[in-house]
Amino acid sequence: MQTASQAGTGRGDEQGLVAEDFRMINRSGFGDGLNSYTHSMAWFQGRLFVGTTRGVLQMNKCNEPMPNMKPWPTDWKADVYDYDRRAEIWRYDPADGLWQRVYQAIWVNDAQGKPVPRYIGFRGMAVFQGASDSKPCLYVSTWAPARAPEPPDILRCDDGETFHSVPRPPFGPQVRSFRTLQRFQGRIHTTPTSSSAVVDGVRRAQDSVGSESTIYCTDDIAGAQWTNANIEGFGERANVTVFEMCEYHGRLYAGTVNPRGMQLWRTEQADKPPYTWKKVLDKGAYRGPHNEAVASLCVFKGALYVGTGIANGGFHRQFRIGPAASEMIRVWPDDTWELLAGLPRDTPQGLKVPLSGYGAGFDNLFNGYIWRMAEHAGWLYIGTFSWANALPYVPMNTWPEDVLVLVRRWGLDRLNRDMGGFDLWRTPDGVRWECVTRSGFNNQYNWGVRNFASTPHGLFLGTANPYGPEVCIQRNGKWQYVKNPRGGCEVFLGHKREADQ
Amino acid sequence: MSRVLIMLGVPHTGIEDQALRLAQAAGGVYLGDLQLSMVDKVGHLPELYALAQTPQHEPLYQALRQHLPSAAGNPAAYLAAHADWSIAELQRVLLAAIDAPLVTITDSSAGFRIHQVERWFARLPDADYLHVTTSVARFIDAAQLHYRGKLYVPPDYRDHNLFNSAPVMKPELAWYQVNATLARAMSDAWQLRSARVDLDTLASMTVAEVLDRIGVGGAPQWPHAEPRATAMAPTLNQLALSLGYRATT
């Protein structure tokens, strides 16, 4: 994929994008509020492709443990399978500004013969040319619901129109989704992200913890010759999932979910799998469990940027971690690292204080993870997940008193309005940061930036917004469910207006 | 136009007293701890004041009352009427209204974040800058006094969570962060007139000696032959080592 930096779009780049440079090109989940997340995004054959995940809060209502929210923020049904959750892929053509749905998941029968979606989400996309591909193809990683008869597989598209499934890596039966499709040395790499099992009729799911932490790789996805690229969890059981991967400085980097604190590994030898690996960061960069996961990785101006987080939105109930806000770290080729935003601390590598001066979450407790990062025209953009929008539904009686004092002082309505949505920040050097928006572009229901795509047409940004189709609001002291015109994922296109002229 | 001296350092250590002393000694004005580095627009100040736990508007309101006749009656209304101004424009108007040989300004929050320090540099490139250091022990004493018994502390000082005790940031780390940030910022901006001085030394210095230290007033060492970065960069590890921490690799 060509980035705008490579394309050299030029004018106005040195200023970076501000909020006014972003215009909405899709609202309300492509007209269906059940499209919660723009869970994957890729620039392919001159057009933007977006894969959705549907009914996220409706699904969470059926999870065990269920988030403690009362009333439930969205409409819900006792059986989430009563919703049509067939995931969709949409295509945007900048030439005419039109969206077209190019794929919708099929129905399959579960063990009882009841129709269920084959896929409820598409969590990752990559453009890759495998050994048996005649040209670069779009590959899509999928999310299969718990009652689907098979684990998820991979979709392949070579013409921008039609999608076919190709064999998956040798996942175990509990694997329900995978996200990362990372190119490196002519191979594509992936690893399971979520697992699920139905026990006594209760869905025990972990959206961000896979049942195995193995990286699989192949030089030919269509040919399905998958090989292990690492040993399970890099030999450490606490690495419950390999969550994110990135190529940097001629090496493959992989970040884990680890309840004792994330780890970051890189290849030392990668001529042929399995590779040899070296640990770069340990114990959440010595912050411990509050850096449970490497949530995002991005190369920018010679360094690898690492966004951290705690699974499930900054509060991992199953592991009893959090809530706490995320950090920003950067790693250099010689394995030294710097804390850019986060908690000052003493480490075996010396005293680390945030070079930007910002604390965890860019001084926002609600930023549970730095979800996505992208370089565009010489700037690094980072998007967060914020759970401030859930405050009206969260029981706060167990909160620390100082936090309660702050919340009361700021006011729930005001917090929700001004900080309910995601944060978007940008930096020219990793040290000096400027805020683009703290309110999800004035939509409190945009709880995260789920994807970026840097293109010659500008920076595309897709949101995660699960507050649709109906949202529970308080009117005259009573809770009621009403249609939410700003519920469902949104897509924005950011570019300098003067560049149009 | 008055000579402007911006004094930055670790908060709660008495820098404000020295800023007042120097201004008075020169027959000038101490404008106060204006807290203007947090925002870019005048229109953003009301939100800042609304979110703050302490009356942060007071120093600026006081300065406007004393020095800007058109704002004297109602500073808040004046700021509201000029909400579209940049802070740089407000500073320019305010400083232009003061006829004094020296204006001193402090900013106790700027040292925590490099972009706040650099806002000062960008807005007032012709000002003189003084990084005032203090001993870490003095800051620990001051910080404990200041924060004891207060429910709210800024996000820099606390990591919130439900299941573990909420640790307050160690004062020495705050001390290190501010001094390291100021040292880095001033090294990067070597073209500015700046100097570092210990608070105890500063207390016994005259205005002329301070300006001489900065390199103005005909002092032979100005302009510097060498970028200041050469002299100041190694001090980051020295700061850490002085706290008993390992050197940062």
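Which ring does Arg179(A) lie over the face of? Have a look in chain A: the ring belongs to Phe243(A), and Arg179(A) sits at 4.0 Å from the ring centre. There's another case like that to find, where Arg85(A) lies over the face of Tyr81(A), this time at 5.0 Å from the ring centre. Before I go on, please keep in mind that what you're looking at is a predicted model.

Okay, let's stay with rings. If you search the whole structure, over all chains, you get 37 aromatic pairs. I'll walk you through a couple of them.

Take Phe22(A) and Phe441(A). Their ring centres are 5.0 Å apart and the planes make an angle of 35 degrees, so we call this pair tilted; to count as stacked, the planes would have to be under 30 degrees apart. Now, where do these two come from? Phe22(A) is in strand E1 of chain A, while Phe441(A) is in the loop between strands E32 and E33, so the pair ties together parts that are 419 residues apart in sequence. Are they buried or exposed? Phe22(A) is buried, and Phe441(A) is too.

Next up, Tyr37(A) and Trp371(A). Here the ring centres lie 5.6 Å apart with the planes at 85 degrees, so this pair is edge-to-face. Again, distant parts of the chain get linked: Tyr37(A) belongs to strand E2, Trp371(A) to strand E29, and they're 334 residues apart. Both of these residues are buried. They also have company, since one aromatic cluster takes in Tyr37(A), Tyr369(A), Trp371(A), Phe385(A), Tyr445(A), Trp447(A) and Tyr467(A).

Right, over to chain B. You can count 13 helices and five strands there. Chain B has 249 residues, and 52% of them count as buried. How about contacts? Looking at those in chain B between residues at least 6 apart in sequence, 76% join residues at least 24 apart. As for the outside, the accessible surface of chain B is about 10800 Å², and 55% of that belongs to carbon and sulfur atoms.

Let me finish with one helix in that chain, H11, residues 207-214. Which of its residues are buried? Those are Val207(B), Val210(B), Leu211(B) and Ile214(B). Try turning the model until you look down the axis of H11(B): the buried residues fall within an arc of 95 degrees, so they line one face of the helix. And right after H11(B) comes Gly215(B), with a positive phi of about 110 degrees.

That's my tour, thanks for listening!

Note on methods
Residues are numbered from 1 along each chain as its sequence is written. Chains are lettered from A and ligands numbered from 1 in the order in which they are written. This is a predicted model: local features need pLDDT of at least 70, side-chain atom pairs count only at pLDDT 80 or more; totals for chains, interfaces and linings use all residues. Side-chain values use heavy atoms; hydrogens and water are left out. Buried means under 20% relative accessible area, exposed over 50%, partly exposed in between (1.4 Å probe, protein chains only). Helices (H or I, at least four residues) and strands (E, at least two) are DSSP runs, numbered from the N terminus. The arc is that of the directions from the helix axis to the C-beta atoms. Rings of Phe, Tyr and Trp (its six-membered ring) pair if their centres lie within 6.5 Å; planes under 30 degrees apart count as stacked, over 60 as edge-to-face and the rest as tilted. A charge sits over a ring if NZ of Lys or CZ of Arg is within 6 Å of the ring centre and within 35 degrees of the ring normal. Contact means heavy atoms within 4.5 Å. Accessible areas come from the Shrake-Rupley method with a 1.4 Å probe; for residues, only the protein chains shown count as cover.
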